[in-house]
Amino acid sequence: MSRHLPQPAPARRMADIAPFHVMELLTRARQLEAEGRSIIHMEVGEPDFPTPPAVIEAAEAFIRQGQVFYTPALGIPPLREAISRFYAERYGVNVSPERIAVTAGSSGALLLALAALLNPGDELLLPDPGYPCNRHFVRTLEGAPRAMAVGPETNYQPTAEQVAQHWTPRSKGLLVASPANPTGTLIETASMVELADCVAKRGGALLVDEIYHGLTYAPKDVPLGGGRDTDTALALSDEIFVINSFSTCFLLSKKLDRFLQ
Ligand SMILES: Cc1ncc(COP(=O)(O)O)c(C=O)c1O
């Protein structure tokens, strides 16, 4: 017989952390699918094809070789070196492997970067609309998310002027995404330079989420939002935190096979 023990009260910060509704929608959609309904999934971004054979084979070989123990906390050196080479080849930017940390998913990277930056009560400026989990990551760390409303007049991206207006003595940084979720718009290099300068002048940190690089579908010479996703914010400064993602970049854009060759 299981014993009923009193439940501990949740931490006070949990009152500000809303569920990630899209996962509830996904659960419901899968339930309906299991009941035989035909569902077109528009809730989460996932590849519409199975894991490529090269990935399955590499994972299998890795496990068979018995490499199932702790790895260095920042990622295995060959992977960090490969990511460094990728940045040199794709963007022409020199990012030494020592500056690269590998995490399980970009949420882990966002949390780590924010944990390294925010003290309780510190504000993080975020464009609204934006990726909904970001404000909850900030609250989990007892920081204060500060939303900046962005609209079509600025291509749904914040400008340096807006950042300057919203900045307070408690502000610690700015987190943007290019291409952004949910709008898909890019930040042009000139605007990124202005944002970086504006934040640096105030002693803050700039974090740039680039996980949707490679997923722009506008014609090459007229990209969505006017910017180019072939530029990384890392080309502007070594002091910017850039978050990228394997599965989003390579699986969603079906480029994995080429990368692994
Ligand atoms: C802009 C943005 N950043 C980060 C994430 C989190 O990615 P991951 O699933 O790799 O943790 C998402 C997921 O949708 C996203 O849209």
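**Exercise 1. Check the length of helix α3.**
Work out what span helix α3 (residues 77–91) should have, and compare it with the distance between its end C-alpha atoms.

*Solution.* Start with the count: α3 has 15 residues, at 1.5 Å a residue. The expected span is 1.5 Å times one less than the number of residues. That gives 21 Å, and the end C-alpha atoms are 21 Å apart, so the two agree. Next, look just past the helix: α3 is followed by Gly-92, whose phi is positive, near 65°.

Some ground rules before you go on. Residues are numbered from 1 along each chain as its sequence is written. You're looking at a predicted model, where local features need pLDDT of at least 70, side-chain atom pairs count only at pLDDT 80 or more, and totals for chains, interfaces and linings use all residues. Helices (H or I, at least four residues) and strands (E, at least two) are DSSP runs, numbered from the N terminus.

**Exercise 2. Put the strands in order.**
Find the order of the five strands in the open sheet, and say which strands stand at the edges.

*Solution.* First, the pairing rule: two strands pair if DSSP finds at least two bridges between them. Reading across the sheet, you get β2-β1-β3-β4-β5, with parallel pairing. Now the edges: β2 (144–149) and β5 (241–243) each have a single partner strand, so one side of each is left without a neighbour in the sheet. From one strand to the next, the twist averages 25°; the angles here run from 0 to 180 degrees between N-to-C directions, with axes as lines fitted to C-alpha atoms, for helices over the stretch in contact.

**Exercise 3. Follow β1 and its neighbours.**
Count the bridges from β1 to β2 and from β1 to β3, then trace the chain from β1 to β2.

*Solution.* Six bridges join β1 to β2, and three join β1 to β3. Try a single residue: Leu-125 has Arg-146 as its bridge partner in β2, and it stands opposite Leu-174 in β3. How well covered is β1? Five of its six residues are buried, meaning that 20 or more other C-beta atoms, placed from the backbone, lie within 10 Å of their own (exposed is 12 or fewer, partly exposed is in between). Finally, the chain goes from β1 through α5 to β2, and this β-α-β crossover is right-handed: with the strands pointing away from the viewer, the path from the first strand over the helix to the second runs clockwise.

**Exercise 4. Find the two sides of helix α7.**
Decide which residues of α7 are buried and which are exposed on the other side.

*Solution.* Begin with the buried set: Ser-191, Met-192, Leu-195, Cys-198 and Val-199. They cover an arc of only 125° around the axis (taken from the directions from the helix axis to the C-beta atoms), which puts them on the same side of α7. On the other side, Ala-190 and Lys-201 are exposed. What do the buried residues pack against? Their partners are α6 (160–166), β3 (171–177) and β4 (205–209), with contact meaning C-beta atoms, placed from the backbone, within 7 Å.

**Exercise 5. Spot the unusual backbone spots.**
Locate the cis peptide bonds before Pro-129 and Pro-179, then look at the phi of Glu-142.

*Solution.* Asp-128 and Pro-129 are joined by a cis bond with omega of about 10°, and Pro-129 sits in the loop between β1 and α5. For Ser-178 and Pro-179, omega is about -5°; Pro-179 lies in the loop between β3 and α7. Glu-142 isn't a glycine, yet its phi is positive, about 65°. You'll find Glu-142 in the loop between α5 and β2.

Terms used:
Contact = placed C-beta atoms within 7 Å.
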